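I wanted to go through the pockets, the surface and the odd backbone angles of this one. My notes follow.

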Amino acid sequence: MKFVREDQITTITPEPSRFTGAVWEARALEPVEEDGLRAQRFSYAPEARSCWHTHEGEQALYVLSGRGVVARWGEATGTVIGPGDWVHVQPGEKHWHGALPDGTLVHLAVTASGGTLWHEPVSEEDYLAGVEAARPTD
């Protein structure tokens with residue numbers, strides 16, 4: 001058993017080829033076995049987002065604060081997420097997640113096993129289509 005205290009967690013700026021905009025990654029749990037369980041806390045500035053990506057294993061996202069969006073490949077709009085929401089990402093499901101234009105997003109990402117495969121950046125058109133679900137209706 002391993003305990004990780006908040007003051008032991010290092011925050012980094014992730015590889016710019018994997019994100020658009022200002023994003024910070026705090027690595028809370030590192031795998032103890034090759035491609036094993038890992039957990040990070042991601043903080044996104046307004047409009048910041050991941051690139052399209054897939055996971056070899058399952059992933060769970062848990063929103064701590066702010067509001068954001070998760071979008072799946074092939075869907076017209078994304079799904080808005082907020083504090084207390086969980087997202088269960090299936091292996092191989094191509095998706096992206098990030099903050100809405102008017103605020104920040106902080107979420108935990110717990111990945112059960114396997115690596116992350118990074119794909120192309122989310123275009124501005126795809127981003128705007130993804131956040132369409134967050135627009136208020138009259």
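Before looking at the surface I fixed my terms: buried is under 20% relative accessible area, exposed is over 50%, and partly exposed is in between (1.4 Å probe, protein chains only). This is a predicted model, where local features need pLDDT of at least 70 and side-chain atom pairs count only at pLDDT 80 or more, while totals for chains, interfaces and linings use all residues. Residues are numbered from 1 along each chain as its sequence is written, and side-chain values use heavy atoms, with hydrogens and water left out.

**Surface.** I looked up V4 and got 31% relative accessibility, so V4 counts as partly exposed. V4 sits in the segment before strand 1 (10-12); strands here are DSSP runs of E, at least two residues, numbered from the N terminus. V4 also joins L29, L37, L64, L108 and V110 in a nonpolar surface patch of about 410 Å². For such a patch, residues need over 30% relative accessible area and no salt bridge, and nonpolar side chains (Val, Leu, Ile, Met, Phe, Trp, Tyr) are joined within 5 Å. A salt bridge would be a side-chain nitrogen of Lys or Arg within 4 Å of a carboxyl oxygen of Asp or Glu. Areas are Shrake-Rupley with a 1.4 Å probe.

**Pockets.** A pocket is an open set of points on a 1 Å grid where a 1.4 Å probe fits, with protein on both sides within 12 Å along at least five of seven lines; lining residues have an atom within 4 Å of a point. I got a volume of about 370 Å³ for the largest pocket. Of its 23 lining residues, E25, R38, Q40, F42 and W118 are the closest to the centre. Strand 4 gives the largest share of that lining, five residues. I split the lining by class and found nine nonpolar, eight polar and six charged residues.

The second largest pocket holds about 150 Å³. Its lining includes R72, E75, H88, E93 and H95. Strand 8 (68-72), strand 9 (79-81) and strand 10 (86-89) each supply at least two of the lining residues.

**Backbone.** Which residues other than glycine have a positive phi? I noted D35, at about 60 degrees, and E47, near 70 degrees. Most residues other than glycine have a negative phi. D35 is in the loop between strand 3 and strand 4, and E47 is in the loop between strand 4 and strand 5 (49-50). D35 has a relative accessible area of 43%, so I put it down as partly exposed. E47, at 38%, is partly exposed too.

Technical notes. Patch = residues over 30% accessible without salt bridge, like charges linked within 9 Å, V, L, I, M, F, W, Y side chains within 5 Å. Helix = DSSP H or I, 4+ residues; strand = E, 2+ residues; numbered from the N terminus. Points joined across faces, edges and corners; volume = space filled by probe spheres on them. Nonpolar A, V, L, I, M, F, W, Y, C, P; charged D, E, K, R; others polar.
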